Amino acid sequence: MRNAKLLVRALRDPASIGDWDWAGLVSAARAEQLIGSLAFRMAGRPVPRRVAEIFEAARFDAGQTRTQALWEAEMARRALAPLGVPVILMKGTAFHAAGLAASVGRSVGDLDIMVPRPSLDDVEAALLEAGWEHVKDSQGYDDSYYRRWMHELPPLIHRSRDRMIDVHHTILPLTARPRPNAQAMIDASVELENGLRILCPADIVIHAAAHLFADGDLAGGLRNLWDIDRLLREFDSPGFRQSLAERARLHQLRPAVARALRLSERLYGTPVDRSLAGRSSLADRLFEARLIARNGWGQERRKLLRFAFYLRGHWLRMPPLMLARHLWVKARSGA
Amino acid sequence: MRHRLDIQIGPVAFRIGSAWKEPLDALARLYEPYPAPRDGLSDFTVRLEPEKPWRRFIRPSVAIKGDYVLPDAVPMALAHGLLAAEMGMNLQMALGQKRYLLLHASSAEKDGRAIIMTGESGAGKSTLAALLGERGWRLMGDEFALLDMDSGRLLPFPRAVSLKNGAIRVMEAEVEADRFGPRLEGTPKGDIRHMRPNGEALDRMGEGATPALILFPRFGEAQAIRAVGAAEVFMRLTQASTNYVNLGGRGFDALNRLIAANPALAIDYPDTDTAVGLVEDFWRELAA
Amino acid sequence: MAGPRYVADPEDLVRVVELDGLSALFHEPSGMTHIVAAPAPQILDMLRAAPADAAELLRRLRACYDFEGDEAAESIHARLEELETAGLVRRA
């Protein structure tokens with residue numbers, strides 16, 4: 001397997017099973033954090049026995065992941081409830097909490113939450129009180145940089161459970177060009193049974209699109225895009241399409257959302273709103289190539305392409321002068 | 001990847017890729033009598049790669065990669081490539097094994113029943129199991145024991161035994177030379193030599209056993225035996241398992257069934273022969 | 001001064017196995033295992049039946065168990081804190 005096309009195909013069309021490179025498929029899926037999703041998509045399909053056992057174990061493990069993710073959310077809820085501020089779950093944990101199709105087999109790393117910016121200090125204090133601690137001994141520069149410009153607190157880790165929490169106040173760094181409207185996201189958020197909240201459907205998709213492009217170098221992109229495919233299919237309706245288009249414009253993320261739709265359609269065959277997605281561009285091909293740059297040994301391929309996207313990720317997060325200064329200070333500190 | 005070797009160890013099949021020929025040649029020699037995975041498929045993939053492209057040739061250094069990786073792992077010298085391959089396989093088991101409850105323990109079987117031996121590194125569990133394997137027992141594994149959570153059976157993982165420092169001499173005295181790998185000196189863990197389990201252990205690597213005894217051996221002390229209480233056994237076994245915390249209620253139930261059904265002993269011993277004697281004595285009592 | 005009231009999860013969410021002198025608990029909502037010593041299991045039983053603050057808890061424990069001494073009150077607070085950190089009890 002030269003690239004991850006087989007993985008994409010297996011997710012998109014599990015019925016098309018053939019004499020597949022199973023070891024390659026499993027290694028690529030593991031490398032892309034998609035083994036759980038793949039295992040559920042392939043449930044009940046006629047795969048070789050060893051592969052069936054791998055998938056069964058992956059499904060079991062995904063169940064444990066779900067339990068642990070929801071538990072982290074619950075412990076955060078207990079710590080923050082007395083503050084009376086809206087606590088909005090994001091990413092994988094949100095999918096699990098709301099039982100979305102995107103949660104099926106979804107791996108979860110850290111707990112991501114969003115809270116109103118003015119409440120950040122209180123939220124941080126409450127979490128520290130409840131057993132979370134700062135992760136690394138951040139240098140003076142990194143910590144103050146972080147707090148001033150990033151969209152989140154420096155990460156916290158729970159001292160006994162050893163799990164991380166990322167507290168966001170908006171979805172993109174303040175240095176990035178699009179300025180999403182965090183207050184609008186909070187206002188439109190939806191309350192769950194236990195009092196925690198999630199973003200409204202359109203904002204969930206918009207966040208996923210922003211996260212896919214503007215927040216990085218497309219590493220883990222196949223999984224993010226799979227999220228987007230699952231979300232779009234579940235939410236699709238005329239009302240949703242209208243909301244998505246309106247809110248994408250509101251959050252200044254229309255181009256990112258449009259590209260996310262085009263790539264999801266291109267790779268996973270997602271039905272999309274043509275008027276929002278627009279037509280395929282040449283750049284889409286580069287994005288696709290970057291997304292599938294993983295071979296059957298689980299290695300990342302296409303180094304130059306990846307480096308170009310890595311630079312792009314930094315560029316998007318930081319205006320040029322700041323980037324130069326940041327890289328210079330990092331180089332001086334030997335980081 | 002330039003070079004490839006597939007190995008089956010117990011129920012687990014590994015696909016090992018390498019940028020260099022030497023580590024896989026050494027691995028292939030050590031694992032020569034092991035079966036290749038029957039179905040041509042693998043459970044885990046290990047990769048031995050240069051950290052940077054030029055490190056394939058210039059001061060070659062082997063980064064251990066694969067399906068599951070340790071982000072801060074220090075690369076190893078090419079001369080220790082065989083050790084890197086072993087560590088790569090260990091890593092896949094430690095981080096990626098989700099089907100069986102993984103115990104960091106050695107095990108040996110007689111008459112269909114197995115001893116599980118666990119303790120700190122250097123406490124002697126590997127050497128004790130290896131020696132039992134030469135004294136009428138079947139060696140099931142020196143590093144990992146796999147507990148099937150549904151059946152309660154113990155499954156073998158008879159990889160090549162990793163002997164360190166003093167243990168090398170002990171086994172060299174008992175076992176024919178062609179079952180050993182090269183002596184690796186100056187590794188992060190001292191001197192290491194790998195020893196292949198005997199023919200019986202390999203022939204029967206598909207055969208599990210019913211656990212019958214849990215042992216906590218401690219090498220280098222005056223001879224002593226004591227029974228170990230269930231709570232202590234529970235705590236020590238969960239500490240000895242890398243995947244227990246992710247196995248939920250299934251792991252909890254399986255571990256409790258294991259503990260409820262089997263006696264647990266801590267034995268201290270000045271030398272391995274004494275330990276073997278203690279084990280045989282207790283085993284006879286158990287059978288009676 | 002009444003402190004916070006605590007409550008524990010219902011029986012069907014916690015598996016308990018007695019091991020010589022200690023209890024191993026499997027807590028389903030968290031997927032975590034805890035090993036606890038008396039009076040933790042007794043505290044959990046009490047708080048499962050009905051929420052209580054530390055003072056009320058102490059009264060109930062004294063009524064049912066041999067729970068003496070001045071350290072008893074202090075140890076209740078410490079145990080409750082530990083159980084709360086572990087997620088086995090929460091504020092009602």
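## Two helices meeting in chain A

In chain A, helix 12 and helix 14 touch through a set of named residues: A:Arg259, A:Arg262, A:Leu263, A:Arg266 and A:Leu267 from helix 12 meet A:Asp284, A:Phe287, A:Glu288 and A:Leu291 from helix 14. Sorted by type, the residues of this contact comprise 4 nonpolar, no polar and 5 charged. Please keep in mind while reading that the model is predicted.

How are the two helices placed against each other? Helix 12 of chain A covers residues 254-268 and helix 14 of chain A covers residues 282-291; they pack at an angle of about 60 degrees, and their axes are 11 Å apart. An angle of about 60 degrees lies outside the ranges for roughly parallel (under 35 degrees), roughly antiparallel (over 145) and roughly perpendicular (65 to 115), and therefore helix 12 and helix 14 of chain A are oblique to each other. The crossing of helix 12 past helix 14 in chain A is right-handed.

## Chain A as a whole

Stepping back, chain A contains 16 helices and 7 strands. It has 335 residues, of which 44% are buried. Contacts in chain A can also be sorted by how far apart the partners sit in the sequence: of those with a separation of 6 or more, 65% are between residues 24 or more positions apart.

## A closer look at A:Val104

Let us pick out one residue of chain A. A:Val104 belongs to the loop that runs between helix 5 (91-97) and strand 2 (111-114) of chain A. Is A:Val104 buried or partly exposed? The C-beta count gives the reply: 19 other C-beta atoms lie within 10 Å of A:Val104, and because a buried residue needs 20 or more, A:Val104 is partly exposed.

Which residues does A:Val104 contact, leaving aside its neighbours within four places in sequence? They are A:Ser37 and A:Phe40. As for A:Gly195, 91 residues apart from A:Val104 along the chain, the C-alpha atoms of the two are separated by 23 Å.

## Where the chains touch

Chain A has a contact with chain B, to which chain B contributes 15 residues and chain A contributes 16 residues. On the side of chain B that touches chain A, strand 2 (12-18) and strand 3 (44-50) of chain B each provide at least two residues. Strand 2 of chain B gives the most to this side, with 3 residues. By type, the residues on the chain B side are 3 nonpolar, 5 polar and 7 charged.

Chain A also has a contact with chain C, made up of 8 residues from chain A and 6 residues from chain C. On the side of chain A that touches chain C, 2 residues are nonpolar, 5 are polar and 1 is charged.

## A sheet in chain B

Chain B holds an open sheet of 3 strands, in the order 12-14-13, with antiparallel pairing. Which strands are at the edges? Strand 12 (161-164) and strand 13 (180-187) of chain B are the edge strands, each pairing on one side only. Neighbouring strands of the sheet are turned by 25 degrees against each other on average, direction ignored.

Within this sheet, strand 12 of chain B pairs with strand 14 (residues 190-195) of chain B in the antiparallel sense, over 4 bridges. Here B:Lys164 stands opposite B:Ile192 in strand 14.

## Hairpins in chain C

Chain C offers two hairpins to follow, and strand 3 of chain C takes part in each. In one of them, strand 2 (residues 14-19) of chain C pairs with strand 3 in the antiparallel sense over 6 bridges. There are 2 residues between these strands, and C:Gly21 in the turn has a positive phi of about 85 degrees. Across this pairing, C:Arg15 stands opposite C:Phe26 in strand 3.

In the other hairpin, strand 3 (residues 22-27) of chain C is joined in antiparallel pairing with strand 4 (residues 32-36) of chain C over 5 bridges. This turn has 4 residues between the strands, among them C:Gly31, with a positive phi of about 70 degrees. C:Phe26 appears again here, with C:Thr33 in strand 4 of chain C as its bridge partner. In strand 4 of chain C, C:Met32 is the bridge partner of C:His27.

Notes
Residues numbered from 1 in each chain as written. Chains lettered and ligands numbered in written order. Predicted model: local features only at pLDDT ≥ 70, side-chain atom pairs only at ≥ 80, totals over all residues. Pairing = 2+ DSSP bridges. Contact = placed C-beta atoms within 7 Å. Nonpolar A, V, L, I, M, F, W, Y, C, P; charged D, E, K, R; others polar. Buried ≥ 20, exposed ≤ 12 C-beta atoms within 10 Å, placed from the backbone. Axes fitted to C-alpha atoms, helices over the stretch in contact; angles between N-to-C directions. Left-handed = near helix turned anticlockwise from the far one by under 90°.
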